[in-house]
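This briefing is intended for a reader who has the sequence and the coordinates at hand. Please consult the display below while reading the points that follow it.

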Number of protein chains: 2
Amino acid sequence: MSAIPESFARKTAQVSADVTRPFPNSEKVFVQGSRPDIRVPFRQVAQSPTLTSGTPEENPPIPVYDTSGPYTDPDATIDLRQGLTDLRGGWIDERGDTEWQDGPSSEYGRVRAADPELASLRFEHIRPPRRAHAGANVSQMHYARQGTITPEMEFVAIRENNRLQELRADPRYKKLLRQHAGESFGASIPEAITPEFVRDEIARGRAIIPANINHPELEPMIIGRNFRVKVNTNIGNSAVSSSIEEEVEKLVWSARWGGDTLMDLSTGKNIHETREWILRNSPVPIGTVPIYQALEKVDGKPEDLTWELFRDTLIEQAEQGVDYFTIHAGVRLQYVPLTADRVTGIVSRGGSIMAKWCLAHHEENFLYTRFDEICEIMKAFDVSFSLGDGLRPGCLADANDAAQFGELETLGELTQKAWAHDVQVMIEGPGHVPLQKVKENVDKELEDCFEAPFYTLGPLVTDIAPAYDHITSGIGAANIGWYGTAMLCYVTPKEHLGLPNKQDVRDGIITYKIAAHAADLAKGFPGAQLQDNALSKARFEFRWEDQFNLALDPERAREFHDETLPKDAHKVAHFCSMCGPNFCSMKITQDVRDYAAAQGVSEDEALKKGMQEKAVEFVNKGAQIYREV
Amino acid sequence: MSAIPESFARKTAQVSADVTRPFPNSEKVFVQGSRPDIRVPFRQVAQSPTLTSGTPEENPPIPVYDTSGPYTDPDATIDLRQGLTDLRGGWIDERGDTEWQDGPSSEYGRVRAADPELASLRFEHIRPPRRAHAGANVSQMHYARQGTITPEMEFVAIRENNRLQELRADPRYKKLLRQHAGESFGASIPEAITPEFVRDEIARGRAIIPANINHPELEPMIIGRNFRVKVNTNIGNSAVSSSIEEEVEKLVWSARWGGDTLMDLSTGKNIHETREWILRNSPVPIGTVPIYQALEKVDGKPEDLTWELFRDTLIEQAEQGVDYFTIHAGVRLQYVPLTADRVTGIVSRGGSIMAKWCLAHHEENFLYTRFDEICEIMKAFDVSFSLGDGLRPGCLADANDAAQFGELETLGELTQKAWAHDVQVMIEGPGHVPLQKVKENVDKELEDCFEAPFYTLGPLVTDIAPAYDHITSGIGAANIGWYGTAMLCYVTPKEHLGLPNKQDVRDGIITYKIAAHAADLAKGFPGAQLQDNALSKARFEFRWEDQFNLALDPERAREFHDETLPKDAHKVAHFCSMCGPNFCSMKITQDVRDYAAAQGVSEDEALKKGMQEKAVEFVNKGAQIYREV
């Protein structure tokens, strides 16, 4: 591992075409905010017209929330060795509350920076870290509470709206914007997301924008119950496999399919260097679990962990630009015995590390006792808390038990502490929970943690389907998202069994995009049904290409179709292989419509003349039935 | 297609080993009922002991509801040319209310039987059909209403209990039988399913046992809200592909993975012969949509359909042994215009056929006007109704609209008509429905259709994921099952795109087994959590083999694990490739337990001596934490 990976050694290092190929019939469009440097990217999917007997009907382009960053932009030059454009640098500068350091201030960071043996692995253009002026607080929550709308807040407001206000004013979208009323279980989703609404949600702690000042490359996104439900993905090498190059490729792959944030859970020996490559090339916020790296530094012995070592790790990672830290500060000594009767004990890695530390020292968890000191670090870089659920259930039997809910109450206490420092917080949740017990998790989190955003792993609604746990957990995720969870941590088919490969990651992400979108629809998020309506209209009209292109995974939709009907002609065929050319319900329905038209009045004529009486007559004759007149 | 398929030409025709391979470490066990010919099959999964420092702890075998029939029984001889054993023949005989006919009485059946060109395709040992004596009614509902408990009812009672009463009396299962309280939304699930409860549920129409007297090979199963949620799968060739042999193989494959019933939706030219092969070899009830075949008989022209032709088709299929018919009798002329403003019109094939017929003739649907005559046929063979939802929504936008709910009300009216004939009924449901609108479907069905079992297709909770619609619909299916749907019709990844292959079918079925099981757990079905608890205990104790064997899909779980850690030694390794050997939460948890034990008292000793005080002391010392004492 001492040689630089081959692709990085090329003049312009590139990830593979496989992960950057632009989506079909899509263009990257930017909506400008109140100033030229606020440019919010969307993917816009063009559609073909509907071919009717009369003039073709135009089908307008559909904007799609886009997490893929510059990687799918044919106009962008990607050079992993340079990293992405410093999108937020100017915004941070102009706030005037930070200073550049000479270099890393953590002990570990300095050691790694000085080690000549690591030169070949190292990202070349490491910026010195920024830090808040002494005594300053650079968190988005701090700004929000001061009444300031930052460019980050405006960016996410535009992003969340997905151009809905423009579309509402455009008659081409009228029918496409029809949507069922939602059931949001007490969420407060506005008809339009304004920058002021974003500011207010952040100020009251109901949403966070994870955005470390040392990760200016990211495209800001927001996590909160009154916004689109988000999806987190995990990557990470392990003792068994993976290289730096693979990890960066995984990041791009994750962003491509819709991962909103990414947790780097690497545990190998070059995690510091891997993390730098990931951060410099990531358009999405990056989270970590610092205790994992701390544990590596003490050769895997939890009892040897110290606050000083952990603190150094926090600073090391904050200076690199990690946007949120999972901190298992709720695993208090008193809760550990509550896991005694569990079927699967403590299954969270962080939870078991801290439990072991507490027992070895017979002391309270130092993450809990040092929490205020941790907050001081967080606010100097705007790192957000993801308060870890170290006692989450590892099976249905252990769901919603005293250990889990005891910890949750402590997370609420810590939330208030963090908020006293104006530090952003989200709360991690389970795990394995049967369907009828899922809602209690959200209700309790909202109450105990004062509506801080909830961020759950699944939950899996049964334990008996290893190899299909993206699905068992996707069911739980859709429900928990509907009830009010703000972000869903994905699960791949390899969960419990092994390391996911590229296809597993894609399956996991798409499953979670489905869950998140199902939740948005169920909550009645404005405009959420647009893509569904457009795709369904395309499906009904046999516009196969549009159907593929509007899908969450256009490539696989096309592949699956082509397995049975590969010819280009079939892309416009009014049938598919399911029923064959003579037996397709959609074809029959269209035949009925043609029949109706043949009775003497075309749909267009009926529509234009507004012949209500005529239409009634046709209905009575069994004719005009497929259009409202 | 005139030559007999090669495998059938062999002396003992066999499906491939792939679909009949017994499940690992499992045996087929039979529980005998009140008489020797009631023998209910289960699969029983043996487990290895837990290796502890003391004496190994025995882990008892886990019984699993088994739909696979004799195909996974190494003691059974499978010969597709002979068909399966006539399990129910004696039960039907002894009721003395049926008579053998000389041969098929339908015109079409006679024509096919007499055609020498079909000899090579034909199942060899066709029994003459049975039929009720003139004026008699042989439906399970009729018997139930007379107060008779049939062997079929006793069989399903034993089957539903899954040996729970035996297990409750066995101390080895005490912890494994822990289960969360359910939320059943008004279902009436008893602690133990008795034959009398089954009879009562059938008598009041809340459950059905689809079991045509001409399909004596089936192992009876029950569909109702107070029983385990069931899964239907679909097979069927189409104009584009498939042979008889493939269809039989698909049937066995479906039953293997847990399909409870199977609908044969074939539309090819030899569907009569294909159906015979399927029925004679099917341990699960078979459903069809007779209008599909009727349409074939009029060369695909709906307007040429007649009652006489349809009636002949019903008799043809009833005499072969089809257990339930989807009949789109609710697509009334008056509802058709209500689909005018829909995004996707009428997407049900049966619905669009009948809509076209109604419009062409400007007459009421003949399935509606002839409903009493259809009931007369149903009760002569005990064919159950699956009242089709021909106006189900084909996209989210069309969900829960006036057309859909208008038809549902008519299905309620027809339910009462069928019940007046003592004919068994279930009600088909959607389709595409956003999560927040799913429950309304169940509530309305229960009210409008008087709690007749609901049988839904998904529903898909978003339209934007073609290629992943097993998942979009699995989410809806888990929820609708929880709310009270009795059977879930599966959807494969190829839905909307093409014909599923073998792996697609497996993915679809397992997804739906997950959904059905999640619903059983959520409703609190007694004993439902047993398999979850056993698998989770195995997982926690690193009994990899047991974890695989207890999974819904043992083969894929093992494959996925072996992709990263193929060696046999890893099957007992206390780590997996996700975290590597030095960084596994479960390992850490076990280390903590060992540490606790090392403090001086083993878990066993503590348990035996019941040393409550000692335990408290250990907790205070941070020691004994993983067992309740």
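The points below move from the whole chain to a helix, a group of strands and a contact between chains.

The model is predicted. Chain A contains 25 helices and 15 strands. Of its 629 residues, 68% are buried.

**Chain A overall**
- Among the contacts in chain A with a separation of 6 or more, 76% are between residues 24 or more positions apart.

**Helix H11 of chain A**
- Helix H11 of chain A spans residues 290-297 and is mostly covered, with six of its eight residues buried.
- The buried residues of H11(A) are Pro290(A), Ile291(A), Tyr292(A), Gln293(A), Ala294(A) and Leu295(A).
- After H11(A) comes Asp299(A), which has a positive phi, near 55°.

**Strand E12 of chain A and its partners**
- In a regular strand, side chains alternate between the two faces of the sheet.
- Strand E12 of chain A, residues 384-387, is covered on both faces.
- On one side of E12(A), Ser384(A) and Ser386(A) are buried, and on the other side Phe385(A) and Leu387(A) are buried as well.
- E12(A) pairs in the parallel sense with strand E11 of chain A (residues 324-327) over four bridges. Within this pairing, Ser384(A) of E12(A) has Tyr324(A) opposite.
- E12(A) also pairs in the parallel sense with strand E13 of chain A (residues 425-429), over three bridges. Here Val425(A) in E13(A) stands opposite Phe385(A).
- Helix H16 of chain A, residues 402-420, forms a right-handed β-α-β unit together with E12(A) and E13(A).
- Ser384(A) and Phe385(A) are thus placed in two ways: both are buried, while Ser384(A) is opposite Tyr324(A) and Phe385(A) is opposite Val425(A).

**Helix contact between chains A and B**
- Two packed helices are described by the angle between their axes and the distance between the axes.
- For helix H18 of chain A (residues 469-483) and helix H19 of chain B (residues 502-523), the axes come within 10 Å and cross at roughly 45°. H18(A) is therefore oblique to H19(B), because angles that are not under 35 degrees, over 145 or from 65 to 115 count as oblique.
- The crossing of these two helices, H18(A) and H19(B), is right-handed.
- From H18(A), the residues Ile471(A), Thr472(A) and Ile475(A) meet Thr511(B), Ile514(B) and Ala515(B) of H19(B).
- An α-helix has 3.6 residues a turn, so residues three or four places apart point the same way.

Terms used:
Residues numbered from 1 in each chain as written. Chains lettered and ligands numbered in written order. Predicted model: local features only at pLDDT ≥ 70, side-chain atom pairs only at ≥ 80, totals over all residues. Heavy atoms only, no water. Buried < 20%, exposed > 50% of the residue type's maximum accessible area, 1.4 Å probe, protein only. Pairing = 2+ DSSP bridges. Right-handed = clockwise from strand over helix to strand, strands pointing away. Axes fitted to C-alpha atoms, helices over the stretch in contact; angles between N-to-C directions. Left-handed = near helix turned anticlockwise from the far one by under 90°. Contact = heavy atoms within 4.5 Å.
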